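Open the model in your viewer and keep the sequence beside it. The stops below say what to select and what is there.

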Amino acid sequence: MSGNVRLLSDTLAAAKEEGRSALIAYLPAGFPTVDGGIEAVKAAIEGGADVVEVGLPHSDPVLDGPVIQTADDIALRGGVRIADVMRTVREAHAATGAPILVMTYWNPIDRYGVERFTAELAEAGGAGCILPDLPVQESALWREHAEKHGLATVFVVAPSSKDERLAEITAAGSGFVYAASLMGVTGTRASVSSQAEDLVRRTRATTDTPVCVGLGVSNPAQAAEVARFADGVIVGSAFVKRMLDAPDAAAGVEAVRALAGELAEGVRGQV
């Protein structure tokens, strides 16, 4: 069965045709429970997100700040497994028709088996994978299986990336390029890094693949700011924080839906 890389590309292209950035939400699988996480992903899409990244909880999430680390810890203590991540992708995609990716560090895939992981993700209707810690020069095996199964391979670029390195990364990736707006970990911030626009400009000089910006976007005004120069706006910690702050799981799901609606207005410049 083939995955949904084409759906991802078509969704990003449709947003561009509307004259706006796509809204990409991040939510970890298994948080606060597997069922609750699935409801949150569906709510993000119903609220206005175009694409969702489902996080595979990890005990040492080097790119993630304290908010997502807290959610990951709750999911891991709840016993979340890769099978639960696949179920989250499957049920969220089946319910919404939206492209769903998995964001994961490399070690869990390596242990699980690349062929098994890509085959199961494609079977679940997944659109691809974001791999923040997989070096491009070590990614041939992954990319071979991802391409065979119709999955996007999304790499992360950072402000520190030299132009030559950007070209190497963008040539190997597919779906979109994840541009980290700053050096550091995920989290909500008072303002979006000024380095983000320059990084998008330099990345676009190497590829026609959409460039989406994450790290530090947490409110509609920031989403509108990034939407001026990026093909997609990625928001994670703000969604997770709304769920952590909610009095119960049902309120958390509604908080996700509401934030997605606010951010969807942001990427459309309606703030």
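Start by selecting Gly 252, Val 253, Ala 255, Val 256, Leu 259, Ala 260, Leu 263, Ala 264, Gly 266 and Val 267, the buried residues of H12. Buried means under 20% relative accessible area, exposed over 50%, and partly exposed in between, with a 1.4 Å probe and protein chains only. Helices (H or I, at least four residues) and strands (E, at least two) are DSSP runs numbered from the N terminus. This is a predicted model, in which local features need pLDDT of at least 70 and side-chain atom pairs count only at pLDDT 80 or more, while totals for chains, interfaces and linings use all residues. Residues are numbered from 1 along each chain as its sequence is written, and side-chain values use heavy atoms, with hydrogens and water left out.

Next, show the whole of H12, residues 249-267. The helix has 19 residues and reaches 27 Å from its first C-alpha to its last, close to the expected 27 Å; the expected span is 1.5 Å times one less than the number of residues. Add strand E1 (22-28), helix H2 (34-47), helix H10 (220-227), strand E9 (232-235) and helix H11 (237-245), which are among what covers the buried residues of H12.

Now look at the ends of H12. At the N-terminal end, Asp 248 acts as a cap, with a side-chain oxygen 3.2 Å from the backbone nitrogen of Ala 250. Just after the helix, Gly 269 has a positive phi of about 70°.

For the next stop, select Thr 203 in helix H9 (residues 195-204). Is Thr 203 buried or exposed? Thr 203 counts as buried because its relative accessible area is 0%. Beyond its neighbours within four places in sequence, Thr 203 is in contact (heavy atoms within 4.5 Å) with Val 157, Leu 166, Thr 170, Val 177 and Val 211.

Then select Ala 167, in helix H8 (residues 163-172). Ala 167 counts as partly exposed because its relative accessibility is 33%. To link this stop with H12, draw a distance from Ala 167 to Ala 260: their C-alpha atoms are separated by 32 Å, and the two residues are 93 apart along the chain.

Key: A polar contact is a pair of N or O atoms within 3.5 Å; within protein, one must be able to donate a hydrogen and the other to accept it, and residues adjacent in sequence count only if both atoms are side-chain atoms.
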